[in-house]
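Here is a friendly note to help you find your way around. Please keep the sequence and the structure open beside you as you read.

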Amino acid sequence: MVSGLRADVEFHRRDFALRAGFEVAPGEVVAVLGPNGAGKSTLLSVLAGQLAADRGRVALGDAVWLDTERGINVPTHRRGVGLLAQNALLFPNLTVLENVAFGPRAAGVRRARAREIAEHWLSEVDATMLAERRPDQLSGGQAQRVALARALAADPRLLLLDEPLAALDVDAAPAMRGLLHQVLRRQDRPTVLVTHDVLDAIVLADRLLVLLDGRIVEQGPTREVLARPKDAFTARVAGLNLVPGVAVADGISFGDSTISGRTAEPLDLGEAAAAVFAPSTVAVHREHPHGSPRNAFLVRLAALEPRGDVVRVRGVVRDCSLAADVTPAAVADLDLRPDDEVWFAVKAAEVAIHPLSGGSSGT
Ligand SMILES: Nc1ncnc2c1ncn2[C@@H]1O[C@H](COP(=O)(O)OP(=O)(O)OP(=O)(O)O)[C@@H](O)[C@H]1O
């Protein structure tokens, strides 16, 4: 029987506290996104039972894994958790097939049946031809495919993916991401995916949970959260600019000026709201721009970063960091350098105004 995960946990370290409450339905993939030190690995370790929470409850369907009030703390090896980490961590002395058959064998499955299970999962991850190799004869991407097969062959009740693509090179990561997408949509256990990469969340996850300083600051369907981020971290990883302010007619107030935009949903004047727009919609000028209805901000340039065909120009205005994507030719023409003061301009039609209040608690 497949069951959903319910977790509501607190974990304290000397100068860090994790407090997170969330659910993952059977077959659902929830991505946990957050900056370094946000508590993502700590959260996975608490779910897996490698770290004992100070307070809380973790249950998979009717099976209670942790309940601090009732003194329940099921050890890791009895939780039935499948973990795919950044590195494949295969047993070096076993062949690929033996690695994948290891979980079923450890669970008491007979040798011939364990071999069939391993062959099935190797085929699922497109690694049948690697069966007789040893881990040191595999590329990083191949090893990670085998590690995924090994995790699934053990028939875990919960799948935990801890930055599964982070150690792969730029060629191997897209293939592994595609494979994970295929495999995850065909299975019905709950999955928690920890990632730094918003693309993983977009491609692999049904829902996104953003963790900052040990707290869930946003959660919801991935695209919704990314389309209307409520805090600056989410906006940055979503690749969007987000300016927080207060709703006024046609936009938000920002300092002593107004940012005009389109409202996607009704807003009460005076409520907390944000202006959200893509870096590609921002034009950079040396002089205050005139003409069509534009929002213009005088920013101090912080950084210039090459990003494929464009240069991402980062500027700061009133403690708010904004990005503009411009061509290398424009950077040269404008002679942009860090610390310069320039104008960022964006048409009102490109700016989406979203309410900031409500709907983002950790439960
Ligand atoms: N073994 C440890 N002992 C003490 N503090 C730790 C330990 N591991 C992590 N921390 C601290 O706990 C907090 C949460 O760390 P955690 O590794 O869970 O974050 P993370 O979101 O996974 O970060 P990263 O993306 O860098 O892996 C951080 O402040 C970190 O410095």
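The points below go from the whole model to some single places in it.

1. **What you are looking at.** This is a predicted model, so every remark here is about a prediction. The predictor gives the complex an ipTM of 0.95 and a pTM of 0.76. For the protein, the average pLDDT is 89, and 96% of the residues score at least 70. Please be careful with residues 358-363, where the pLDDT is below 50. In the model this stretch has nine contacts beyond near neighbours in sequence.

2. **The overall picture.** You will find nine helices and 22 strands in the protein. Along the principal axes, the C-alpha atoms fill a box of roughly 75 × 50 × 35 Å. Of the 363 residues in the protein, 40% are buried. If you take the contacts between residues at least 6 apart in sequence, 66% of them join residues at least 24 apart.

3. **The annotated span.** The UniProt record, an unreviewed entry, places the feature "domain: ABC transporter" at residues 2-238. In the model, this span is 34% helix and 27% strand. The C-alpha atoms at its two ends lie 32 Å apart.

4. **Around the ligand.** Which residues are around the ligand? They are R13, F16, G34, N36, G37, A38, G39, K40, S41 and T42. Sorted by class, this shell has two nonpolar, six polar and two charged residues. Helix α1, residues 40-48, gives the most to the shell, with three residues.

5. **The hairpin β1-β2.** Strand β1 (residues 5-13) and strand β2 (residues 16-24) run antiparallel and are joined by nine bridges. The two strands form a hairpin, with two residues between them. To find the pairing by eye, start at R6, which stands opposite E23 in β2. R13 of β1 and F16 of β2 are also among the residues around the ligand. As you trace the strands, it helps to recall that in a regular strand the side chains alternate between the two faces of the sheet.

6. **A six-stranded sheet.** Further along the chain is an open sheet with mixed pairing, in the order β14-β13-β12-β16-β22-β15. Which strands stand at the edges? They are β14 (257-260) and β15 (262-263); each has a single partner strand, so one side of each is left without a neighbour in the sheet. Within this sheet, β16 (residues 272-277) pairs with β22 (residues 352-355) in the antiparallel sense, over four bridges. A275 has I353 as its bridge partner in β22.

7. **R318, a backbone detail.** R318 is not a glycine, yet its phi is positive, at about 45 degrees. Look for R318 in the loop between β19 (310-317) and β20 (320-326). Is R318 buried or exposed? R318 counts as exposed because it has 12 C-beta neighbours inside 10 Å, and 12 or fewer is the cut-off for that class.

8. **D339, another one to check.** D339 also has a positive phi, about 85 degrees, although it is not a glycine. Its place is in the loop between α9 (328-334) and β21 (341-347). With 7 other C-beta atoms within 10 Å, D339 is exposed.

Key. Residues are numbered from 1 along each chain as its sequence is written. This is a predicted model: local features need pLDDT of at least 70, side-chain atom pairs count only at pLDDT 80 or more; totals for chains, interfaces and linings use all residues. A residue is near a molecule or strand if its C-beta atom, placed from the backbone, lies within 6 Å of it. Ala, Val, Leu, Ile, Met, Phe, Trp, Tyr, Cys and Pro count as nonpolar, Asp, Glu, Lys and Arg as charged, and the others, Gly among them, as polar. pLDDT is the predictor's confidence in each residue, from 0 to 100. Two residues are in contact if their C-beta atoms, placed from the backbone, lie within 7 Å. Two strands pair if DSSP finds at least two bridges between them. A residue is buried if 20 or more other C-beta atoms lie within 10 Å of its own, exposed if 12 or fewer, and partly exposed in between; C-beta atoms are placed from the backbone. UniProt positions are given in the numbering used here, feature names are shortened, and annotations may be inferred rather than shown by experiment.
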